[in-house]
Amino acid sequence: GGVAGSRGGGAAPPPHDDGSFTVKRDKDGARRRCSPEDMRLRTDRVSLRRLSVGVKLRGVVRKVAHIGAFVDVGAERHGLVRASRMTEGRVPDPKDFVAVGREVDVWVYRLPSDGKLGLSMVEYGATAFRDPVAAFLRVAPSQWFAGAVRVVDGSGLYVDVEEPKGGGRVQGFVPRRLVSGDPDKGVKVQVRVLHVNEGSGTLSLSMLASDHGAHQQ
């Protein structure tokens, strides 16, 4: 719901002595007190439709949780940088890596159809796809994709997988039991997509041939 007087040519509410405003929600008539900054944020937000994957933005961390950091980049909603996309290494606890109020450089990682904003503190290149993750939804488990190892840890490998039709790169994870050989960071590998995790924007991967005899290309 919008704020009464914030659109349609209505008069702006008069300010209090401290510069704040009392506004009324159009939806339910509830009143709340807003600072001048709050009022600015309601009118100057950038639509997600104007953003694209791979664009670099400067933002401010507004909240840190176990899944990652919520960053205000001036868009109509805050974006989420998941812990696995904060750095080239492993981040066990995001609170040890970023803090509320810190300014950070981020790249748009995905703009899924549910209206969320996925961000990364690791650079991801530009692509015409608004959600590169969606490009993998209907691939066959026997199909192989090129990727590059980004992080190696005891549990497995984080791999950036290339979408062959120019859809950019998507982050995936290969558990240790499905790793072939002993690849190091930066090594090019071939992977199969076992599952697409739409919520987190990641792929569950394997470097082993399928049980049906598919062979690596």
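1. A good place to start is strand E5: Gly-79 and Val-81 point one way from E5, Leu-80 and Arg-82 point the other way, and all are buried (buried means under 20% relative accessible area with a 1.4 Å probe, protein chains only). Strands here are DSSP runs of E with at least two residues, numbered from the N terminus.

2. A word on the basis: this is a predicted model, in which local features need pLDDT of at least 70, side-chain atom pairs count only at pLDDT 80 or more, and totals for chains, interfaces and linings use all residues. Residues are numbered from 1 along each chain as its sequence is written, and side-chain values use heavy atoms, leaving out hydrogens and water.

3. On one side, E5 (residues 79-82) runs parallel to E7 (residues 118-120), joined by 2 bridges; two strands count as paired if DSSP finds at least two bridges between them. Leu-80 has Gly-118 of E7 as its bridge partner, and Val-81 has Leu-119.

4. E5 also pairs with E4 (residues 68-72), this time antiparallel and through 4 bridges. Arg-82 of E5 stands opposite Gly-68. The E4 and E5 hairpin has 6 residues between the strands, and Gly-74 in it takes a positive phi near 90°.

5. How do these strands fit into the whole sheet? With mixed pairing, 5 strands close into a barrel in the order E3-E4-E5-E7-E6. Neighbouring strands of this sheet are turned by 55° against each other on average, direction ignored, with axes fitted to C-alpha atoms.

Terms used:
Axes are lines fitted to C-alpha atoms, for helices over the stretch in contact, and angles run from 0 to 180 degrees between N-to-C directions. Buried means under 20% relative accessible area, exposed over 50%, partly exposed in between (1.4 Å probe, protein chains only).
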